[in-house]
Amino acid sequence: MSDARPPQRIHAYLHQPALAAAGLVVEEAPGPEALEMDAVVVGAGPAGLACAIELAQQLAAQKARGGGPGEVNIAVLDKAAELGGHTLSGAVMNPVALRELFPALADAELPLGREVTSERVFFLTERRALRLPPPPPMQNHGNRVVSLCEVVRWLGQRAEGLGINLFTGFPVRSLLVQGGRVVGVRTTPTGLKRDGTPGAGAQPAQDLAAKVVVLAEGVRGALTQAWLGWQGVGSASKPIYSLGVKELWSVRKPMGFDVLHTMGWPVPSGAFGGSFCYQLDDRTLALGLVVGLDAPVTNLDVHRLMQRMKTHPLYRDLLAGGECLEWGAKSITEGGYAALPERFSGDGVLVAGEAAGFLEVSSLKGVHYAIKSGLEAGRAVAAALARGDTSRASLSAYDRAIRASYVHDDLWRARNVRLGFKDGWLKGTLTAGLSTLTKGRIPAGTLSVESDAEVPRAVVPAEAFAPDATLTFSKVDGVARSGNATRDDIPSHLVVGQDVPPAVAQMLVSLCPAGVYEQDGERLRVNAPNCVDCKATDVLGPRWTPREGGSGPAYKRM
């Protein structure tokens, strides 16, 4: 008789603290010294800037026709010290939404980057690469390889030219609400010491009053989560996520095609994911690895897997003689259509971009959905301000516009593709194939899945890894390459559960790509200044909350 025992299993949700909604939604009017704004946009990513730009353009058109609400003040607040500093993405972009936002500009005047004319897809084993025909959703001819933070900086310049107030280094800590209506926002105070008391040069929080607030804060937005919970807005299925780790390399030669995607090794058995490599220019590659956070083991370490990936002959040849310039990490929304909120609007508030879940996994696309949703949000806000009515009934025009757009249609057609892989690769591949061939009609209905934190995880020891500091790097090296300059004595922004057991602590140590968590015997130690705001542990463990402006990464070309 065998004495082998089944592996110990944990459920992450049992040790995850509740969302700190009490501090994120505050029943209080803006203070007497509040800045008076008509519209406040939280987040200066593609969605937020597109919203502000289209709002300003619509207001100018109303004024030219002799109408509109008169003088309107628009503010965009972002937690990064500089525009684009926290913007990380693959990114191969469909240019359709950017063209719609700027119909008078030629493509040469837009930040569209390199056009995709050639691509490759491979299935990897540890030593070999089998070339596959690109599946229809991953065919990118006509799309553009872009640096997303450079796109954001370009959009910021256009926004400033339209008289929009851009406030970088101002994260929003709270939504201010009265009687079920959002009436403004409150920023995060700065200069606090680790114990929360004011240090030298400390500045208090700033209130901004607004007739409408647009939440465009990106993946796992804390305010968005809090507002949805406060209003009881659900979804057909639980949101699920992946974690992507990305590097930017200067290389000696171009790879010979524009876009590379792989599946298979080194993604562990039972996990969903793959790698990408994009040719930004002849001497610059953006490469990364994305793995689903529903992997059923406690030792998932996407950073370590990414470093192993680069030792494959395919990648080793591409990077030979090159230099890693930047490193970053970001969680990615994967729930798709089934995880979309039942509504995207409320009294005095809209939700746009990846904060709302507008990302389609099978095609690896989200940027043009973010811009399109921001554009439609700007139109809805402009019309509501002109009517003098920013109630939910008035702003629900945004919901109707989204559901009538390609954002909704694309996500509906692919609604079961990612969810089908929850039951393994065989069923997932079959589901994906049928869904693609029938444009979403088969399988009928919409699958529903558990959240990532509810997945039972086998307790598996972490794997040893020794980087060579030339091709492969430690997590500390990665954080340095992210440009992270967070103060060492900043208060922790991570809310950790009580009595975290060793197996859960091990999971967090492995999972975090920035080395925020360390296991000290039975204790979990938290090095909050290391955090690059990837939000991965917000999915499975300690909750992320807004911290002092300018903290976190400072991406330059990612």
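**Aromatic rings and their partners**

Student: Which residues form one aromatic cluster with Phe-272?
Tutor: This model is predicted: local features need pLDDT of at least 70, side-chain atom pairs 80 or more, while totals for chains, interfaces and linings use all residues. Numbering starts from 1 along each chain's written sequence, and side-chain values use heavy atoms, without hydrogens or water. Rings of Phe, Tyr and Trp (its six-membered ring) pair with centres within 6.5 Å; planes under 30 degrees apart are stacked, over 60 edge-to-face, the rest tilted. Phe-272 shares its cluster with Phe-421 and Trp-425.

Student: How many aromatic pairs does this rule count?
Tutor: The ring-centre rule decides what is a pair. The count comes to 10.

Student: What kind of pair do Phe-167 and Phe-170 make?
Tutor: Their ring centres lie 6.1 Å apart. Their planes stand at 75 degrees, so the pair is edge-to-face.

Student: Is Phe-170 buried or exposed, or partly exposed?
Tutor: Buried means under 20% relative accessible area, exposed over 50%, partly exposed in between (1.4 Å probe, protein chains only). Phe-170 has 36%. That makes Phe-170 partly exposed.

Student: How many residues apart in sequence are the parts tied together by Trp-249 and Phe-473?
Tutor: The two rings form a tilted pair, 6.2 Å centre to centre with 45 degrees between planes. Trp-249 is buried at 1%, and Phe-473 is buried at 3%. Trp-249 lies in strand β18 and Phe-473 in the loop between β25 and α14 (DSSP runs: helices H or I, at least four residues; strands E, at least two; numbered from the N terminus). So the pair ties together parts whose separation in residues is 224.

Student: Which residue lies over the face of Trp-412?
Tutor: A charge sits over a ring if NZ of Lys or CZ of Arg is within 6 Å of the centre and within 35 degrees of the normal. Here the distance from the ring centre is 4.0 Å, and the residue is Arg-415.
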